[in-house]
Amino acid sequence: LWGPILAAWGGSAAAVRLPALVIGAAGLWFLYLFCRRALGWQPAVLALALAATDPIYLFTTRLDWGPVAIQRLCLMAGCFGVLRGVQEQRSRDVALGGFACGVGVFDKATFLWPLAALALAAAIVYPRRAWRAARPRMLAAGLAGLLAGAAPFLYYNWKWPGETFRQQVERADNYSEKLRGLQSTLNGTVLAGWISREME
């Protein structure tokens with residue numbers, strides 16, 4: 001994705017950072033569209049303001065290791081497409097939302113975790129609406145879009161079975177290290193050393 005940009009503008013800091021910031025801004029725009037459609041314009045503006053001023057969102061988007069900017073864009077675009085398609089009974093929008101989520105899976109296999117969490121949350125919080133929305137035509141459109149977006153990922157795993165699993169899953173041999181990782185996540189210091197100098 002960055003190849004043509006670096007070829008045109010060279011390996012400057014701006015050429016590396018600005019595209020990630022544009023992708024991050026697009027993710028915020030889809031967050032706003034999703035919230036406006038789901039909750040109205042006032043909650044959407046509040047959600048946009050909170051996300052756009054969240055230091056973790058800004059720092060991780062700017063640094064973009066992972067990469068996280070593309071995942072966030074795919075997640076919010078997928079949510080917006082599926083919601084609009086379900087509300088307006090347009091399978092094309094559901095397919096586009098599924099495609100965005102499929103691109104997210106292709107970008108990083110761990111994208112499957114937030115997808116599973118969203119599906120579970122929708123089933124728990126809105127069981128009747130989720131059941132009504134799960135029409136065969138909509139499910140088929142969403143699945144077709146998801147498979148199309150994730151096609152390179154699926155091809156890779158067909159060509160090299162189990163390789164994604166071996167690359168993504170770490171064995172929890174060192175339980176004390178895993179516990180320290182959990183504690184630093186819970187207390188907010190997990191990014192210490194990435195976005196600021198660690199204090200000795």
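Here are some questions and answers about this predicted model.

Q: Which helix gives the most residues to the largest nonpolar core?
A: The largest nonpolar core has 13 residues, and I23, V105, F111 and L115 touch the most other members. Helices α2 (13-39), α5 (69-88) and α6 (91-107) each supply at least two residues of this core. The helix that gives the most, with three residues, is α5.

Q: Which residues does F111 touch, leaving out those up to four places away in sequence?
A: F111 is one of the residues that touch the most other members of the largest core. Contact here means heavy atoms within 4.5 Å. Leaving out residues up to four places away in sequence, the list for F111 is Q71, C74, L75, C101, G104 and V105.

Q: How far does α5 reach from its first C-alpha to its last?
A: Helix α5 has 20 residues. At 1.5 Å a residue the expected reach is 28 Å, and the helix comes close to that. From first C-alpha to last, α5 reaches 28 Å.

Q: Which helices do the buried residues of α5 pack against?
A: Plenty of names come up on the buried side of α5, including A69, I70, C74, M76, F80 and L83. Its buried residues pack against α2, α4 (55-63), α6, α7 (112-125) and α9 (136-149).

Q: Is G85 buried or exposed?
A: G85 sits in helix α5, and it touches R90, D93, V94 and M138, not counting residues up to four places away in sequence. Its relative accessible area is 0%. Buried means under 20%, so G85 is buried.

Q: What separates the C-alpha atoms of G85 and M138?
A: G85 touches M138. Along the chain, the two are 53 residues apart. Their C-alpha atoms are separated by 8.2 Å.

Q: Which residue of helix α2 forms a salt bridge with E88?
A: E88 lies in helix α5, and the pair links distant parts of the chain, 51 residues apart. At 35% relative accessible area, E88 is partly exposed. The closest N and O atoms of the bridge are 3.1 Å apart, and the partner is R37.

Q: Which residues are joined into one network by salt bridges that share partners?
A: E88 forms a salt bridge with R37 and another with R90, where the closest N and O atoms are 3.2 Å apart. D93 forms a salt bridge with R84, at 3.3 Å between the closest N and O atoms. Shared partners join these bridges into one network of R37, R84, E88, R90, R92 and D93.

Q: Is D93 buried or exposed?
A: D93 forms a salt bridge with R84, and R84 counts as partly exposed at 24% relative accessibility. For D93 the relative accessible area is 2%. That falls under the 20% cut-off, so D93 is buried.

Q: What is the angle between the planes of Y155 and W158?
A: A search of the whole structure finds four aromatic pairs. Y155 and W158 form one that is tilted, at 5.8 Å centre to centre. Both lie in helix α10 (residues 151-159), three residues apart, or about one turn of the helix. The angle between their planes is 40°.

Q: Why is the pair of Y156 and W160 tilted?
A: The ring centres of Y156 and W160 are 5.1 Å apart. Planes under 30 degrees apart count as stacked and over 60 as edge-to-face, with the rest tilted. The pair is tilted because its planes stand at 45°.

Key:
Residues are numbered from 1 along each chain as its sequence is written. This is a predicted model: local features need pLDDT of at least 70, side-chain atom pairs count only at pLDDT 80 or more; totals for chains, interfaces and linings use all residues. Side-chain values use heavy atoms; hydrogens and water are left out. Rings of Phe, Tyr and Trp (its six-membered ring) pair if their centres lie within 6.5 Å; planes under 30 degrees apart count as stacked, over 60 as edge-to-face and the rest as tilted. Helices (H or I, at least four residues) and strands (E, at least two) are DSSP runs, numbered from the N terminus. A nonpolar core is a set of buried Ala, Val, Leu, Ile, Met, Phe, Trp, Tyr and Cys residues joined through side-chain atoms within 4.5 Å. Buried means under 20% relative accessible area, exposed over 50%, partly exposed in between (1.4 Å probe, protein chains only). The expected span of a helix is 1.5 Å times one less than its number of residues. A salt bridge is a side-chain nitrogen of Lys or Arg within 4 Å of a carboxyl oxygen of Asp or Glu.
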